[in-house]
Amino acid sequence: MHIAQQILFIALLLTAIILFTRKAGQIRRNILLGKDEDLSNDPVKRWKNLLLLAFGQKKMFRNPLVALMHLVIYSGFIIINLEVLEIVLDGVLGTHRLFEYPLGSFYIFLIDFFEILAVGVIAVCVVFLARRNIIKLKRFISKDLNGWPRSDVNYILITEIILMCLFLTMNSADSALHPHGFLVSGMIAPLFNGMTAHSIIMIERTCWWLHITGILIFLNYLPYSKHLHILLAFPNSYYARLDVEGKMNNMQNVQNEVKYMMQPELAPTGESAPQKFGAKDIFDLSWKNLLDAYSCTECGRCSAACPANQTGKLLSPRKIMMSTRDRIEDVGRNINQNKKWVDDKKTLLNDYISVEELRACTTCNACVTECPVSISPLDIIIELRRSLIMEDSNAPQEWNAMFGNIENNFAPWKFSPDDRDKWTSEV
């Protein structure tokens with residue numbers, strides 16, 4: 001590789017790294033806009049979650065065939081990109097197949113494995129494109145995905161096909177010039193017979209540049225795509241809450257109010273600072289809720305399992321996560337533009353997620369159980385409903401009647417506490 005090409009490659013590489021690092025820093029800042037929450041307990045169990053859920057994709061294997069196809073793409077992304085290390089070093093140092101000589105026959109084995117995996121990735125991407133655009137599975141044609149989200153998935157799948165094709169073509173052209181004994185590209189190499197060496201070199205170099213440039217562009221596309229879960233699935237699985245499924249966080253200040261109502265002598269004297277209940281905006285959610293939103297794969301398994309969604313209610317757990325992420329990104333752009341947060345008169349509650357969506361939730365926990373990467377739409381729903389009811393006093397009339405009875409009679413029914421055991425004398 002000529003010195004001018006080395007300089008061009010280094011400039012391209014540094015630009016890609018700087019842009020990705022800057023965006024990654026903004027996402028980290030956005031996540032930390034949420035309230036602090038300590039999720040560092042039981043590291044052994046957390047590492048187990050990371051290995052089983054993120055690396056092992058444990059929940060995906062409820063549907064073995066789909067899980068196997070997803071594993072091929074996932075493995076392709078992780079493993080094939082190991083060859084990017086060689087490409088980057090070749091580009092920086094001006095070498096060609098830097099690892100071939102020192103690794104010897106093991107290098108041939110590695111490239112053969114990468115090429116077989118690349119063929120698998122191409123085949124699976126074609127199947128996934130068909131599932132979304134031809135077969136049109138129900139959870140992929142939901143209105144949740146209208147617009148950019150649906151296009152985003154197609155762009156990613158098509159890009160992966162192109163990158164794998166460039167990888168195989170690059171190796172095949174190189175094998176036509178210098179037979180390496182590669183398995184797949186060795187079978188494709190005869191297609192270049194009859195072409196001049198210069199033409200084959202041009203094809204190989206063109207594929208090399210397009211392949212690495214495509215990967216660097218893909219790297220910087222990830223933070224703007226739902227495929228950010230490729231990176232965030234790992235920390236999200238590690239920091240998953242370890243409580244029993246369905247357990248709700250207790251509101252200690254509310255519990256104290258009930259206790260003081262039952263035993264007034266325990267109530268503290270003097271005025272206390274007003275308490276804020278639930279969450280109205282992303283600043284009131286925990287950082288883990290915001291990490292959940294960024295980690296969402298938009299696969300729709302949560303909504304497919306949601307009884308409210310499946311019976312035609314407006315609620316879609318997937319849309320809850322997508323709307324939360326949209327709000328986070330809007331807040332982030334606000335901060336980028338103004339160098340600080342400037343109130344835009346909007347909130348996650350009402351402007352991004354409606355009351356009707358929240359009230360449709362039965363808190364059955366099906367969405368949390370189904371999520372492959374331990375995301376909890378339910379946590380966000382509960383916090384927003386707490387704010388809706390306890391801050392805005394916004395509840396259906398039937399609920400308000402029950403709340404009034406509990407407050408006045410210490411029970412959901414409209415009977416005096418003094419009459420609570422009256423039924424025993426009437427038997």
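**Salt bridges, cores and a surface patch in a predicted model**

Asp-284 and Lys-276 are joined by a salt bridge, with 3.1 Å between the closest N and O atoms. The two partners sit in contrasting surroundings: Asp-284 counts as buried, at 12% relative accessibility, whereas Lys-276 is exposed, with a relative accessible area of 53%. The structure described here is a predicted model, and this pair is a convenient place to start a tour of it. In total, the structure holds 17 salt bridges. As a general point, side chains of opposite charge can pair when their charged atoms come close.

A further salt bridge links Arg-325 to Glu-298, and here the closest N and O atoms are 2.2 Å apart. Arg-325 belongs to helix H15, while Glu-298 is in the loop between H12 and helix H13 (301-305), so this pair ties together parts that are 27 residues apart in sequence. Arg-325 is buried, with a relative accessible area of 11%. Glu-298 counts as buried too, at 4% relative accessibility.

The side chains of Asp-174 and Arg-97 also meet in a salt bridge, at 2.6 Å from N to O. Asp-174 is part of helix H7 (residues 148-177) and Arg-97 is in the loop between H4 and helix H5 (100-103), so parts that are 77 residues apart in sequence are tied together by the pair. Asp-174 has 2% relative accessibility and counts as buried; Arg-97, at 7%, counts as buried as well. Salt bridges also occur as a network, which links Lys-23, Glu-329, Asp-330 and Arg-333.

What does a buried charge without a salt bridge have around it? Arg-132, found in helix H6 (residues 105-135), offers an example. This arginine is buried yet has no salt bridge, and the nearest side chain of opposite charge, that of Glu-298, is 7.2 Å away. A salt bridge requires a nitrogen and a carboxyl oxygen within 4 Å. Glu-298 does form a salt bridge with Arg-325. Not counting residues up to four places away in sequence, Arg-132 touches Phe-140, Leu-145, Val-153, Leu-157 and Lys-226.

Lys-288 gives another view of a buried position. Found in helix H12, Lys-288 is buried, with a relative accessible area of 1%. Its C-alpha atom is separated by 8.6 Å from that of Lys-35, although the two residues are 253 residues apart along the chain. Leaving aside neighbours within four places in sequence, Lys-288 is in contact with Glu-37, Leu-39, Asn-236, Tyr-239, Ala-240, Arg-241 and Ser-374.

Attention can now turn to the nonpolar residues. In soluble globular proteins, nonpolar side chains tend to be buried together. The largest nonpolar core has 43 residues, of which Tyr-294, Leu-315, Ile-320, Met-321, Leu-348, Ile-353 and Leu-384 touch the most other members. Two or more residues come from each of H1, helix H10 (229-238), helix H12 (287-295), helix H15 (317-338), helix H16 (348-352), helix H17 (355-360), helix H18 (366-370) and helix H19 (377-390). The greatest contribution, six residues, is made by H19. Looking at one member of this core, Leu-315 touches Cys-306, Ala-308, Asn-309, Ile-320, Glu-357, Ala-360, Cys-361 and Ile-381, not counting residues up to four places away in sequence. Apart from this core lies another, of 39 residues, among them Val-84, Tyr-107, Ile-108 and Met-164.

Nonpolar residues are also found on the surface, where Ile-10, Leu-14, Ile-18, Val-92 and Leu-93 form a patch with about 420 Å² of accessible area together. Helix H1 (3-31) and helix H4 (82-93) are the elements that give two or more residues to this patch. H1 provides the largest share, three residues, and Leu-93 lies in helix H4.

Finally, is Ala-304 far into the chain's cover or partly open? Ala-304, placed in helix H13, counts as partly exposed, at 40% relative accessibility. Leaving aside neighbours within four places in sequence, Ala-304 is in contact with Arg-139 and Gln-310. Pro-235, by comparison, is 69 residues from Ala-304 in sequence and 25 Å from it in space, C-alpha to C-alpha.

Key: Residues are numbered from 1 along each chain as its sequence is written. This is a predicted model: local features need pLDDT of at least 70, side-chain atom pairs count only at pLDDT 80 or more; totals for chains, interfaces and linings use all residues. Side-chain values use heavy atoms; hydrogens and water are left out. Helices (H or I, at least four residues) and strands (E, at least two) are DSSP runs, numbered from the N terminus. Buried means under 20% relative accessible area, exposed over 50%, partly exposed in between (1.4 Å probe, protein chains only). Lys and Arg count as positive and Asp and Glu as negative; His and the chain ends are not counted. Contact means heavy atoms within 4.5 Å. Patches are made of residues with over 30% relative accessible area and no salt bridge: like charges are joined within 9 Å, nonpolar side chains (Val, Leu, Ile, Met, Phe, Trp, Tyr) within 5 Å. Accessible areas come from the Shrake-Rupley method with a 1.4 Å probe; for residues, only the protein chains shown count as cover. A nonpolar core is a set of buried Ala, Val, Leu, Ile, Met, Phe, Trp, Tyr and Cys residues joined through side-chain atoms within 4.5 Å.
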